[in-house]
Amino acid sequence: MEKELIKKRFEFLAPLLNERQLRLYVAAEALVLGRGGISVTSQATGISRPTITMGCRELLDETTKKASAKSSAGRVRKKGGGRKRTIEVDETLRSDLEGLIEPVTRGDPESPLRWTAKSVRNLSDELKKMGHKTSHRMVAELLHAMDYSLQANRKTAEGGTHPDRNAQFEHIHGKVKEFQSCNQPVISVDTKKKERVGDFKNGGRELRPKGNPEKVRVYDFEIPELGKVAPYGIYDQTRNTGWVNVGTDHDTATFAVESIRKWWITMGREAYPKAARLLITADGGGSNGARVRLWKIELQKFANETGLVISVCHFPPGTSKWNKIEHRLFSFISQNWRGKPLVSHEVIVNLIASTKTRTGLTVKCELDTNKYPKGIKVSDKELRQVNIVRDEFHGEWNYAIRPQSA
């Protein structure tokens, strides 16, 4: 009976006591029982007899007052007590772990770990194969102490750098300031990432009733009857306004210039009634690339229709993210539709058109269901008929297309 009572009291108090307090408590139980109390208490609590005996000595010894004074400062064991940390005993554990984390620079390039997920369990298994006594918990603690954390990829490498990269940036900046000072339109153009139409998962989160997330498809296979859309954007750098032409066919140079044409008819002509020139800043590749012949042919048609002198400045290779439209228009469109499945063309157009910012950005959008076939060839003869004037500085990047005379 006494043993059961001791066991119950121990189960209640054990979670609340530290190592020393627990030792003194079971010692007190043993002393109260008298002869044979240490054995009974050991059987009831599972604590070893030597530990209970040491606790009894501490309670009976007058010197425990000094030990109590020290323990009140927070120490449970004597200084240096307990097992040594594995990292102190195993001198190569830290360096071997670092070698596994950075296999390209320090580890074996043939290690299978290089081609698997670097989870703490995989790292622990590899360390055990190397002769270390460790566990996944210990690996996690070591990595934390070494300032490692879970990190996603970050896009920073832009590829090769052209020697005139900065000079081209300065040239574009000067051109923009020149046109703006004369109240001539300056636009930044590009095609946003193509999007699948349908109830697919869209990155990001939005507020919804708890436990009621938007249900979307498990697999991202394209729905044939809905297909994809290619949003081509035009951003007015002076007025902070945007126009997006949502194409449902191929992203070609004809589609790109048609998008600019729609912007001019819908917004540009009214905003710049006295415009004689138009400056376009664009990437060096894609449907509006510097080497695309059809781009120049279509710009010539647009210049003939409007009477505008079309000046174009392309960004150097590998610097498309510096184009204003990327962080002044497209980034806000992505924020506006985050977490919302793009289930239809109407939804896409409405989400883009509802994009606004506190700095005054407004966006208009339209669906373009026209067909833009690929593979149109432009002959040398047709290209020579383009009324193009190239700048002295990198004429392949900077040029103007003037209207052709009757």
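This is a short dialogue on reading features of a predicted model.

User: Where do I start? What does the secondary structure of the protein chain come to?

Analyst: Begin with the element count. The chain has 15 helices and 9 strands.

User: How many of the residues are buried?

Analyst: Burial is read from relative accessible area, and under 20% counts as buried. Here 39% of the 406 residues fall in that class. The chain exposes about 25,200 Å², with carbon and sulfur atoms supplying 51% of that area.

User: What share of the contacts joins residues 24 or more positions apart?

Analyst: Take contacts with a separation of 6 or more. Residues 24 or more positions apart account for 70% of them.

User: Which residues make the nonpolar surface patch of about 360 Å²?

Analyst: Patch members need over 30% relative accessible area. In this model F12, L13 and L16 make the patch. L16 sits in the loop between α1 (2–13) and α2 (19–33). Its relative accessible area is 67%, so L16 is exposed.

User: Now backbone angles. What is phi of N183, and what is phi of N240?

Analyst: Look at the sign of phi and at the residue type. N183 has phi near 60°, positive although the residue is not glycine. N240 also has a positive phi, near 55°, and is likewise a residue other than glycine.

User: Where are they, and is each buried or exposed?

Analyst: N183 belongs to the loop between α10 (165–181) and β1 (186–191). Its relative accessible area is 53%, so N183 is exposed. N240 occupies the loop between β3 (228–236) and β4 (241–247). At 17% relative accessible area, N240 is buried.

Notes:
Residues are numbered from 1 along each chain as its sequence is written. This is a predicted model: local features need pLDDT of at least 70, side-chain atom pairs count only at pLDDT 80 or more; totals for chains, interfaces and linings use all residues. Side-chain values use heavy atoms; hydrogens and water are left out. Patches are made of residues with over 30% relative accessible area and no salt bridge: like charges are joined within 9 Å, nonpolar side chains (Val, Leu, Ile, Met, Phe, Trp, Tyr) within 5 Å. Accessible areas come from the Shrake-Rupley method with a 1.4 Å probe; for residues, only the protein chains shown count as cover. A salt bridge is a side-chain nitrogen of Lys or Arg within 4 Å of a carboxyl oxygen of Asp or Glu. Helices (H or I, at least four residues) and strands (E, at least two) are DSSP runs, numbered from the N terminus. Buried means under 20% relative accessible area, exposed over 50%, partly exposed in between (1.4 Å probe, protein chains only). Contact means heavy atoms within 4.5 Å.
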